[in-house]
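I opened my notebook to look at how far this model can be trusted and where its two chains meet. Here is what I looked at.

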Amino acid sequence: MPFPLTPGAATEMDPDMVYSRIVQNRFVLACLLLILLYVLISFGGKFYLPYHPNVQNLYEANTGPSCNHWLGTDYLGRDLLARILAGLRISLVIAFFATLINITAGFLVGSIAGLSGGIADRFLTGLIDLFWCIPPFLVVVMLTVVLEPGVKNIFIALGMVLWVPTARIIRGEVYQLRNAPFIRLARMHGAGYTRIVFMHILPNCFPVLLTTAIFSVPDAVLAEAFLSIVGLGVTAPEASLGVLISDGLQSFRVYPWQWFFPVLTLTIFVLCFNLLGDIIHRLFRDRSKGILEND
Amino acid sequence: MLGYVLRRAGFNLGVMLVVVTLTFFLMRLLPGDPFMSQRINPDIKENLYAKYGLDQPAARQYADYLTALARFDLGESLKYPGRTVNQIIAESFPVSAAVGFPALALAAFLGVTAGVLSAIWHNRWPDRFILAWATLGLSIPNFALGAGLIYIFALKLGIFPVAMYEKPLDLVLPVLTLAIWPAAVITRLIRTEMIEVLQRDYIISARVRGLGPAAVVLRHALPNALPAAIHYTGPLAATLLTGSFIVEKIFALPGLGQYYITSIGNRDYNLVAGITIFYTFILLVSTFLTDLLAFSLNPRCRYRNGS
């Protein structure tokens, strides 16, 4: 796992150490492998599955798991396995870009606020506090309504909400670093604002950003599922995991597998990311504690 | 103290005003209008607009809304003619709260108990067991848990009803569904804090003085481990009390959460604004109450709040 740490950064983190600790911890290894498996089978599903996720076959509607359809079929006779893999792909894309928007916007707003201080800080902190007070699902639902449901618009809407806590955490971190010796030194050497933000602040926020990003993926997947259940999911023939769950919820009393398999896929995925996030979080906390004790 | 309460109340009023303004204008910026689903003739639509004052300029509508709001009148629903927003909230809030309040209590009880137990047995098997369950509880979304509980306990075993909740005990399944996730979060918060607190010197000195383990944990350690969980409970209480859309949908409960989400789709301007205001109000009140609780437990919070 590449860690973009610059040598001068205050984080005294040996990439080899991180690497060995991650590999040594079987939990983490299992999670990482499972996530990799998820990505591989969902993006590879197109090539090896005999059924197209959107092709209907009404003669085989609502059949249970069998040799032909391993996970059964849905109400239009579409193969559930193919649909779950296709749905997973869409959910992964949404989660990835929502997370990307989340950490990019969160980092930029947070670091600009924390580094500048003064009016810019007040304004941006006010903005963050404002977003904090409005129920997040209201913002997501409104944005999705305005932008119209679709993969791109869903991850934009999710990103617009997820960045708020990230920005708050980053601002706190950067605010403490604002007058650290190495930042002042960089300023004295004539480093510009952009250079300080990306070359000095970014590596120091890296642990926080990584943990936030890992926890943001399950958040985004779950939020997407929520949107689908509300009826603002990806539009018809395409289906995300959330849409499949939402369809499954309509019929789980009669055809439980239509609900069970998508939910199981999603829960294992979320569990992996939560475990991974926990361990990464602990890893960095141990590290910072060690530094404090050495002082 | 009084000064703090007053300052806080003033700040909260400002927040309410901002939230009101934002939802009021954001809703009107959404494409579509409240009557688009009814396919009615333009003349009738014009009359409807005039009836609800929607033909006025936006600034005028806003001023009217605020003056009505000052009298605690949230206006009339545009989708459910003849019903005021106050009535709808008065009908559906008790339904949501009847599920949300027990869920809050259960989550707090389960979370604190499990968190304390797992901190006491840090790194031994009860701790691992509790932590595994907490991580699982954190990862199971409520639509998975709710539907699963219905399928097992209502459809297969027939212990609880699928819908039609008459006795208080009938609400066990929705309460469980709502409570598991926050219980897991509280367990983890309490556990982390408690492990740290139990290592401090004053705990060791209390032990040295011969205090029993129960007194050390409950009287000395717990109050110092609580603030993080208490601060989390504030927003949590607002979310649980005002109802969750998904849980209400799965369990067919006519609660506030359902109205909230459907009213956005219906462009029911008044209902959306009304429920948002109500939610923000509950949020601010519960945050305030939890802050007071943390304040009374831990004198150091006084300085944290003051700054």
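Before anything else, a reminder to myself: pLDDT is the predictor's confidence in each residue, from 0 to 100. I need it here, since this is a predicted model.

Entry one, the complex. I looked up the global scores and found an ipTM of 0.82 with a pTM of 0.84.

Entry two, chain B. I noted a mean pLDDT of 85, with 96% of the residues at 70 or above. I then asked which helix of chain B has the lowest confidence and which the highest. Helix 14 (residues 301-306) is at the bottom with a mean of 53, while helix 4 (residues 85-120) tops chain B at 92.

Entry three, chain A. The average pLDDT is 80 here, and 88% of the residues score at least 70. Helix 3 (residues 80-116) of chain A has the highest mean, 90, and helix 1 (residues 15-24) of chain A the lowest, 64. I also marked two stretches of chain A with pLDDT below 50: residues 1-11, with 21 contacts beyond near neighbours in sequence, and residues 288-295, with one such contact. A friendly caution to self: where pLDDT is low, the predicted coordinates should not be read in detail.

Entry four, the contact between the chains. I found 28 residues from chain B and 29 from chain A taking part. On the chain B side, helices 1, 5, 6, 11, 12 and 13 each supply at least two residues. What classes of residue make up that side of chain B? I noted 22 nonpolar, five polar and one charged.

Note on methods:
Residues numbered from 1 in each chain as written. Chains lettered and ligands numbered in written order. Predicted model: local features only at pLDDT ≥ 70, side-chain atom pairs only at ≥ 80, totals over all residues. Contact = placed C-beta atoms within 7 Å. Nonpolar A, V, L, I, M, F, W, Y, C, P; charged D, E, K, R; others polar.
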